[in-house]
Amino acid sequence: MKKAAFIVNPISGTRGKVRPENYLERFFTHYTDWYIDIYYTKGAEDAYEAALRYKESKVDLVVAVGGDGTVNQVARALVFSTIPLGIIPTGSGNGLARHLRIPRSLPKAADVLLQQHIAVIDSGAINGRPFFCTAGVGFEASLANRFDAAPVRGFSSYIALSAMEYTHYHPEKYKIYVGDSMMEREAFLITFANCAQWGNNVYIAPGACATDGQLDMVIWNSTSVARIPFTAMRLLAKNIDHSKFIETFRGPLFKIQRMCDGYVQFDGEHVWMGRDLNVEVFPASLKVVAPCAFE
């Protein structure tokens, strides 16, 4: 009998009256030969610590039931291991789940787990801290800090906070190293993308691929307030890379020097870091359960 551990963030997203863990327990207990254990997170980094314990106990599968932050924590514990990550997306953005084509429908996402199709994807890291969808500095990191403290989550709340935060945000100056070249930019944001989108089908790096052994670095240069709505529409249309305000570079290593310490966004969560940021990719470093359609 195989054993799966489900790490559930009980405050992730909004799914009405249906608790995903109730469905999962009923489904896997009555209709499969899997033994499952369900763990409810209780605070910051708890999902990461729980996933480490499950990895040490050599379960066959660890499933993150939550949003991008929960997925990041569980994936961080499993990266470079033989145990695959499963995802039941219940968050507001679900960037990695969307990129992997994992359905948001609870029954369909559970069915993906039963298919047991394993894909192997890359991971990225900034100063040694892993990310699996996107990470970045500038406006997106500032917004992640604001969104984490917001009383109401969801896409509409994110859009409202974005508009509010923009009026107070000042672009920063960066030294950016790509291979042997150095360039200076005053940027609105800089995103490092292992996957194509931030979440909610907002595509910051339409050409990014999680299995090519490289990261896409997207530099959003300063623009006028009047141009922001037009540039933002490109994010939904999957053609942000056609904007004259956007520069995209692809490679395995980058280095960023900024003027002062500040937040860095990792899969939607904010982390305080220093001025020097070393960015790298680790090819084929995470096993994930994904639909066959992903590959």
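## A tour of the rings and a covered helix

Start by selecting F192: its relative accessibility is 1%, so this residue counts as buried. Keep in mind as you click around that you are looking at a predicted model.

**Zoom out for a moment.** Show the whole protein chain as a cartoon and you'll find 8 helices and 17 strands. Of its 295 residues, 54% count as buried. Now think about who touches whom: among contacts with a separation of 6 or more, 70% are between residues 24 or more positions apart. Switch on the surface if you like; the chain exposes about 13600 Å², and carbon and sulfur atoms supply 53% of that.

**Back to the rings.** How many aromatic pairs are there? The count comes to 9. Add F254 to your F192 selection and you have one of them, a tilted pair with 5.8 Å from centre to centre and 45° between the planes. Follow the backbone from each ring: F192 belongs to strand β9 (residues 181-193) and F254 to strand β14 (residues 253-258), so this pair links parts of the chain that are 62 residues apart. Is F254 buried or exposed? It's buried, with a relative accessible area of 4%.

Next, select Y263 and W272. Why is this pair called edge-to-face? Because the planes of the two rings stand at 90°, and over 60 counts as edge-to-face; the centres are 5.0 Å apart. Check the cover on each one, too: Y263 is partly exposed at 29% relative accessible area, while W272, at 54%, counts as exposed.

For a group of rings, pick F6, Y23, F27 and F28, which form one aromatic cluster.

**Charges over rings.** Select R53 and Y39. The charged end of R53 sits over the Y39 ring, 5.5 Å from the ring's centre. Then try R76 with Y48: here the charged end of R76 sits over the ring of Y48, and the distance to the centre is 4.8 Å.

**Last stop: helix α3.** Stay on R76, since this residue is also part of α3 and is buried there. Now select the whole helix, residues 68-78. How many of its residues are buried? The helix is mostly covered, with 11 of 11 buried. Click through them and you'll meet, among them, D68, N72, Q73 and L78. Finish just past the helix at F80, where phi is positive, near 70°.

Definitions and conventions:
Residues are numbered from 1 along each chain as its sequence is written. This is a predicted model: local features need pLDDT of at least 70, side-chain atom pairs count only at pLDDT 80 or more; totals for chains, interfaces and linings use all residues. Side-chain values use heavy atoms; hydrogens and water are left out. Helices (H or I, at least four residues) and strands (E, at least two) are DSSP runs, numbered from the N terminus. Buried means under 20% relative accessible area, exposed over 50%, partly exposed in between (1.4 Å probe, protein chains only). Contact means heavy atoms within 4.5 Å. Accessible areas come from the Shrake-Rupley method with a 1.4 Å probe; for residues, only the protein chains shown count as cover. Rings of Phe, Tyr and Trp (its six-membered ring) pair if their centres lie within 6.5 Å; planes under 30 degrees apart count as stacked, over 60 as edge-to-face and the rest as tilted. A charge sits over a ring if NZ of Lys or CZ of Arg is within 6 Å of the ring centre and within 35 degrees of the ring normal.
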